[in-house]
Amino acid sequence: MRTERLQPLSLPRGRRLFCELCLGPAHVRCGGCGVTFYCETDHQSADWVSVHEKICQLLIPLRTASPFYNSEKERKHGVEQKIRRETFLAGLTHTIAQNYLFEGKHEDAIPAALHSLKFSISVHGSDSVELVPQYLILAEASLGLGHISQGEEYLSQALWIVLKNPSCSHTIQSKLHRNVGLLHAAKGNFEDALYHLANDIYFASCAFGPHSLAASGGYFHMGNVFFRQNRADVAKSLYAEVVDIWHGHFTRLINQRYEAMMNPKVIDIFSREPEPIEETPDEQERSDASKMLNAILEVEEQSGKPQPAKVAKAALALAMLHFLVQDLPKSQELVTKVRQIRKRLPKAEPDVALHRLVELLKYKQS
Ligand SMILES: [Zn+2]
Ligand SMILES: [Zn+2]
């Protein structure tokens with residue numbers, strides 16, 4: 001990271017420069033691109049760590065003054081190119097911010113999400129539904145840091161846009177309700193939290209079906225709210241729904257791997273058939289499943305009367321996840337745990353998913 005301190009008198013008269021993060025008056029400039037300004041070095045380094053290092057050079061063409069255009073055609077081309085660059089940067093910074101959230105790095109997510117918001121506003125205008133995902137990331141990160149009022153502010157921006165665009169997608173409505181529900185939960189307004197989380201499940205079900213991965217988050221967070229209200233029975237039945245969803249999903253992927261192992265495809269170089277692609281959990285699935293299943297396992301194991309069948313099912317779902325993301329030792333460790341728990345069950349039916357996972361592990365390890 002290179003820093004240049006600004007000499008106030010060297011600036012063109014009347015030109016004021018603002019900090020990239022807080023919009024306060026700028027006193028330093030990034031020495032890498034020369035087009036990005038900050039109030040002080042602490043905001044520069046926060047931005048650098050989060051996102052600036054990855055986009056420093058990409059900002060130069062966007063922020064250097066437009067050249068003089070000779071014709072209307074050139075001008076139009078220049079505008080189109082600016083929109084293309086901003087659209088690209090909005091997407092890139094959005095992905096970076098989202099990945100920080102997956103990793104639980106709330107502090108790093110914020111500068112990247114602010115950039116994504118800025119580029120999206122420039123491309124789509126300030127009340128477009130395209131901005132809702134960015135406001136939701138900012139809200140989630142702020143709530144994660146315990147900055148409740150800041151999170152509330154971002155959520156009300158998102159809410160306002162959605163109210164003005166009633167046709168916006170079920171997916172967005174579901175995410176919005178989830179975040180509003182989490183905000184109420186953080187403030188201890190449990191009734192409001194449950195209302196919004198139920199809406200989250202409703203919209204996620206409209207978009208993807210009632211037992212979809214998208215609905216699992218709503219059930220999980222509702223379970224947490226009931227748990228905090230000392231209603232462990234309701235909480236556990238909601239957690240069971242979450243475990244069913246992930247267990248079902250990973251069983252389907254494990255079955256695919258098992259079929260492929262049992263019927264290996266002879267590779268025919270003359271065949272025009274594309275090779276089947278193995279479905280692997282993406283970043284969001286990994287992060288969601290591991291957060292929810294680990295939390296549920298912990299609750300089950302620490303509760304006064306753990307239910308072995310439920311613990312085994314949650315642990316098996318996690319074991320399948322670890323296998324699918326190639327973490328074989330962790331998968332093996334969980335399989336051993338599932339088997340030990342099952343020994344204590346009075347009448348344990350043979351478990352096809354467990355059997356197939358064990359066979360796959362043997363095959364991979366041989
Ligand atoms: Zn600043
Ligand atoms: Zn720079």
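**Helix 14 and the nonpolar core of the predicted model**

Helix 14 (residues 352-365; helices being DSSP runs of H or I of at least four residues, numbered from the N terminus) comprises 14 residues and spans 20 Å from its first C-alpha to its last, close to the 20 Å expected at 1.5 Å a residue, where the expected span is 1.5 Å times one less than the number of residues. The structure is a predicted model, in which local features need pLDDT of at least 70 and side-chain atom pairs count only at pLDDT 80 or more, whereas totals for chains, interfaces and linings use all residues. Residues are numbered from 1 along each chain as its sequence is written, and chains are lettered from A and ligands numbered from 1 in the order in which they are written.

Within helix 14, Ala353, Leu354, Leu357 and Leu360 are buried (20 or more other C-beta atoms within 10 Å of the residue's own, against 12 or fewer for exposed, with C-beta atoms placed from the backbone). Viewed down the helix axis, the buried residues of helix 14 fall within an arc of 125 degrees and therefore line one face, the arc being that of the directions from the axis to the C-beta atoms. The face turned away from this buried side carries the exposed residues Val352, His355, Lys362 and Tyr363. The buried residues of helix 14 pack against helix 10 (232-262), helix 12 and helix 13 (328-343), contact being taken as C-beta atoms, placed from the backbone, within 7 Å.

The largest nonpolar core (buried Ala, Val, Leu, Ile, Met, Phe, Trp, Tyr and Cys residues joined through C-beta atoms within 7 Å) has 81 residues, and Leu293 is one of those that touch the most other members. Helix 12 (residues 308-324) gives the largest share of this core, 12 residues.

How values were computed: Helix = DSSP H or I, 4+ residues; strand = E, 2+ residues; numbered from the N terminus. Contact = placed C-beta atoms within 7 Å.
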